[in-house]
Amino acid sequence: MSPTFTAALQDTTVVELARDGLAVVSAWTMIGLGLAFLAILVVLLLVLAELRTLSRTWTGFVATTTERSGPLVEHANNAARNIDHITTVVRAEIDRLNGMIEGVTDDIGEASVEVRRRIADLSALLDLAQSEAEDAVLDAAARR
């Protein structure tokens, strides 16, 4: 190296300012925030891993429950169809019975009117027979 170039290098002076308390606190705060961020990130990853495990467990539970409840649901559907059929049959029978009862009620009403009319006729006939019998007895008594 040439002597002029070495002299030029030796003339350069680097000055570094002494750190004050605020700069030290700021540096330590940045380090603390970085560590806190890393800790939160680790905790978050652990929570996500647990949630994934919980999700798999829950999905398995739902799948197992769905699989096991299939026959129960099928039996319940069959029972509901049977109850619907029975209800339809019972309604039809009740409607038929109601129609029969209405017919019988109408017939009884007509028969009652007819019986009253005949009883009135019979009563009039008995009154007439009694009147004729009284007249005959009075005529026979008067002839004697």
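Biologist: Let me start with a single residue: where does Glu102 lie?

Modeller: Glu102 sits in helix H2, a helix that covers residues 21–143. Please keep in mind as we go that this is a predicted model.

Biologist: Thanks! How do I read the exposure of a residue such as Glu102, and which class does Glu102 fall into?

Modeller: The idea is to look at relative accessible area: under 20% is buried, over 50% is exposed, and anything in between is partly exposed. Glu102 has a relative accessible area of 45%, so Glu102 is partly exposed.

Biologist: Which residues form the negative surface patch?

Modeller: A patch residue needs over 30% relative accessible area and no salt bridge. Here the negative patch is made up of Glu102, Asp106, Asp107 and Glu110. Glu102, at 45%, clears that area cut-off.

Biologist: Now the salt bridges. How many does a search of the whole structure find?

Modeller: For a salt bridge, look for a side-chain nitrogen of Lys or Arg within 4 Å of a carboxyl oxygen of Asp or Glu. Searching the whole structure that way gives 5 salt bridges. One of them joins Arg96 to Glu93, with 2.8 Å between the closest N and O atoms.

Biologist: How many residues apart are Arg96 and Glu93, and which helix holds them?

Modeller: Both belong to helix H2, and they are 3 residues apart, about one turn of the helix.

Biologist: And how accessible are the two partners, Arg96 and Glu93?

Modeller: Arg96 is partly exposed at 48% relative accessible area, and Glu93 is also partly exposed, at 40%.

Biologist: Which residues are linked in a network of salt bridges?

Modeller: To read a network, follow the charged partners from one to the next. Glu114, Arg117, Arg118 and Asp121 are linked in this way. Within it, Arg118 meets Glu114 at 3.1 Å, N to O, while Arg117 meets Asp121 at 3.2 Å, N to O.

Biologist: How far along helix H2 do those pairs reach?

Modeller: Arg118 and Glu114 are 4 residues apart in helix H2, about one turn of the helix. Arg117 and Asp121, again in helix H2, are also 4 residues apart, about one turn.

Biologist: Why does Arg118 count as exposed, and what are the values for the other three members, Glu114, Arg117 and Asp121?

Modeller: Arg118 counts as exposed because its relative accessibility is 54%, above the 50% limit. Glu114, at 29%, counts as partly exposed. Arg117 is partly exposed at 42%, as is Asp121 at 43%.

Biologist: Let us turn to the rings. How many aromatic pairs does the count come to?

Modeller: The count comes to 1 aromatic pair. That pair is Trp58 with Phe61, 5.4 Å centre to centre, with 35 degrees between the planes. Planes under 30 degrees apart would be stacked and those over 60 edge-to-face, so this pair is tilted.

Biologist: Where do Trp58 and Phe61 lie, and are they buried or exposed?

Modeller: Both are in helix H2, 3 residues apart, about one turn of the helix. Trp58 counts as exposed at 56% relative accessibility, whereas Phe61 is partly exposed at 48%.

Biologist: One last reading, on distance: how far apart are Arg68 and Asp95 in sequence and in space?

Modeller: Sequence separation and spatial separation are best read side by side. Arg68 and Asp95 are 27 residues apart in sequence and 42 Å apart in space, C-alpha to C-alpha. Arg68 is placed in helix H2, and it counts as exposed because its relative accessibility is 68%.

Notes. Residues are numbered from 1 along each chain as its sequence is written. This is a predicted model: local features need pLDDT of at least 70, side-chain atom pairs count only at pLDDT 80 or more; totals for chains, interfaces and linings use all residues. Side-chain values use heavy atoms; hydrogens and water are left out. Helices (H or I, at least four residues) and strands (E, at least two) are DSSP runs, numbered from the N terminus. Buried means under 20% relative accessible area, exposed over 50%, partly exposed in between (1.4 Å probe, protein chains only). Patches are made of residues with over 30% relative accessible area and no salt bridge: like charges are joined within 9 Å, nonpolar side chains (Val, Leu, Ile, Met, Phe, Trp, Tyr) within 5 Å. Accessible areas come from the Shrake-Rupley method with a 1.4 Å probe; for residues, only the protein chains shown count as cover. Lys and Arg count as positive and Asp and Glu as negative; His and the chain ends are not counted. The place of a charge is taken as NZ of Lys, CZ of Arg, CG of Asp or CD of Glu. Rings of Phe, Tyr and Trp (its six-membered ring) pair if their centres lie within 6.5 Å; planes under 30 degrees apart count as stacked, over 60 as edge-to-face and the rest as tilted.
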